[in-house]
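This briefing gathers selected features of one protein chain, grouped by topic. Please read it alongside the structure shown here.

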Amino acid sequence: VIPVFADDDGPIRVLGGRLEGLAESRDTFSLGHLKDLDTLAAALIQEVNKVHSQGQGLCGLTDVTGTFSVFDADAALNSDAAGLALRPRNGSFQITVRNTTTGTGVTTTIPVDLDGIGADTTLASLAEAINASTDNLSASVTADRRLRITADNGYEVTFGEDSSNVLAALGINTFFTGAAANDIALNPVVASDATLLAAARSNLPGDGTNADALARVGTAPAASLNGRSIVDFYNFVAGKIAVNGNAARAGQQAADSILTSLQAQRESISGVSLDEEAIQLVKFERGFQGAARYVSVVNNLIDEMLGLLK
């Protein structure tokens, strides 16, 4: 934001002073730290969602809608036209449809073709592939271009083995919503039903495989952070803020010392000391009194001399 004149919105060139200092602090330091914070939050969202989307809770899902939409349902999911923050890659994922009465389930592998050869997978074609490959559930694209998967009555669905990251990219069975520090939040589906926290990777009692994987997310290398872990990047950001803060504090103290010195020099040259001026006034007064007495004595002597001459 550039300061402007109120009458004509003309830009104001700020070349110094408090306003320039505030602008530099905002543009050079604050915005840079906010960018790092957004990068950290985005990495946390993506890495946790990658793991959570491949797990399952104490029960399956009966109706799930992705939290992330695409710009174009007919664009390849890893393209700019799709606009996903986390770009899916060539791979596949598994869908398991389970009969809630009998407990039996059927697992189907859904391919995600994003190799750049031929027709790549789009949101629309992904929904079609799910419908063509699985029974007792339906997939569709919502009006706002999200993927929705609905199980038939008496069935539930779980996900796993996602080598394409498409589930996390579309927000299917994820832990976080949002894309940066200003909008990161817990997925309302999980927030409203803790049994959907994906701690397992199989439908076996006591399975905590996915919970263990979630616990390791913070120290695992993250592709979005160029191989750094989330914890390492956090320490880097915190350290940079501390260094910049100490440097700013030292700079302020140095500037204050220089300002105090310059003010003292100015006062020594042009400043007025009331005590010194009072002493000078007393000296001038005494001098005037002495001169007046001298003139009075001389005047008396002259009068006496003139009296003798008469």
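K240 and D36 form a salt bridge in which the closest N and O atoms are 2.7 Å apart. Because K240 belongs to helix α6 (residues 230-270) and D36 to helix α1 (residues 17-52), the pair ties together parts that are 204 residues apart in sequence. The model is a predicted one, and the points below take up its salt bridges, a sheet with its packed helix, a loop residue and a surface patch.

**Salt bridges**

- A search of the whole structure finds 7 salt bridges, among them the pair formed by K240 and D36.
- The two partners of that pair differ in their exposure, since K240 counts as partly exposed at 30% relative accessibility, whereas D36, with a relative accessible area of 12%, is buried.
- Another salt bridge is formed by E47 and K50, with 3.3 Å between the closest N and O atoms; these residues are 3 residues apart in helix α1 and are therefore separated by about one helical turn, and both of them are buried.
- The side chains of D63 and R148 also meet in a salt bridge, at 2.6 Å from N to O, and because D63 lies in strand β1 and R148 in strand β5, this pair ties together parts that are 85 residues apart in sequence.
- D63 counts as partly exposed at 38% relative accessibility, and R148 likewise counts as partly exposed, at 33%.

**The sheet**

- An open sheet is formed by 3 strands in the order β1-β5-β4, with antiparallel pairing; β1 (63-65) and β4 (137-141) each have a single partner strand and stand at the edges, so one side of each is left without a neighbour in the sheet.
- Neighbouring strands of this sheet are turned against each other by 10° on average, with direction ignored.
- Strand β1 is joined to β5 (residues 147-151) by 3 bridges, and along this pairing V64 stands opposite I149, while T65 stands opposite R148.
- On the other pairing, 5 bridges join β4 to β5, and L137 stands opposite A151.
- The strands β4 and β5 form a hairpin with 5 residues between them, and R145, in the turn, has a positive phi of about 65°.
- Side chains alternate along β5: L147, I149 and A151 point to one face and are buried, while R148 and T150 point to the other and are not buried.

**The helix packed on the sheet**

- Helix α2 (residues 123-133) packs on the sheet and touches β4 and β5, its direction making about 170° with that of β4.
- E128 lies in this helix and is exposed, with a relative accessible area of 55%; the C-alpha atoms of E128 and A139, which are 11 residues apart along the chain, are separated by 7.2 Å.

**A loop residue**

- T104 has its place in the loop between β2 (91-99) and β3 (105-112), and, not counting residues up to four places away in sequence, T104 touches V97, R98 and N99.
- The C-alpha atoms of T104 and Y155 are separated by 9.8 Å, the two residues being 51 residues apart along the chain.

**A nonpolar surface patch**

- Y294, V295, V298, I302 and L306 form a nonpolar patch on the surface, and together they have about 480 Å² of accessible area.
- Within this patch, Y294 is found in helix α7 (residues 274-309) and counts as exposed at 59% relative accessibility, because exposed means over 50%.

How values were computed: Residues are numbered from 1 along each chain as its sequence is written. This is a predicted model: local features need pLDDT of at least 70, side-chain atom pairs count only at pLDDT 80 or more; totals for chains, interfaces and linings use all residues. Side-chain values use heavy atoms; hydrogens and water are left out. Patches are made of residues with over 30% relative accessible area and no salt bridge: like charges are joined within 9 Å, nonpolar side chains (Val, Leu, Ile, Met, Phe, Trp, Tyr) within 5 Å. Accessible areas come from the Shrake-Rupley method with a 1.4 Å probe; for residues, only the protein chains shown count as cover. A salt bridge is a side-chain nitrogen of Lys or Arg within 4 Å of a carboxyl oxygen of Asp or Glu. Helices (H or I, at least four residues) and strands (E, at least two) are DSSP runs, numbered from the N terminus. Buried means under 20% relative accessible area, exposed over 50%, partly exposed in between (1.4 Å probe, protein chains only). Two strands pair if DSSP finds at least two bridges between them. Axes are lines fitted to C-alpha atoms, for helices over the stretch in contact, and angles run from 0 to 180 degrees between N-to-C directions. Contact means heavy atoms within 4.5 Å.
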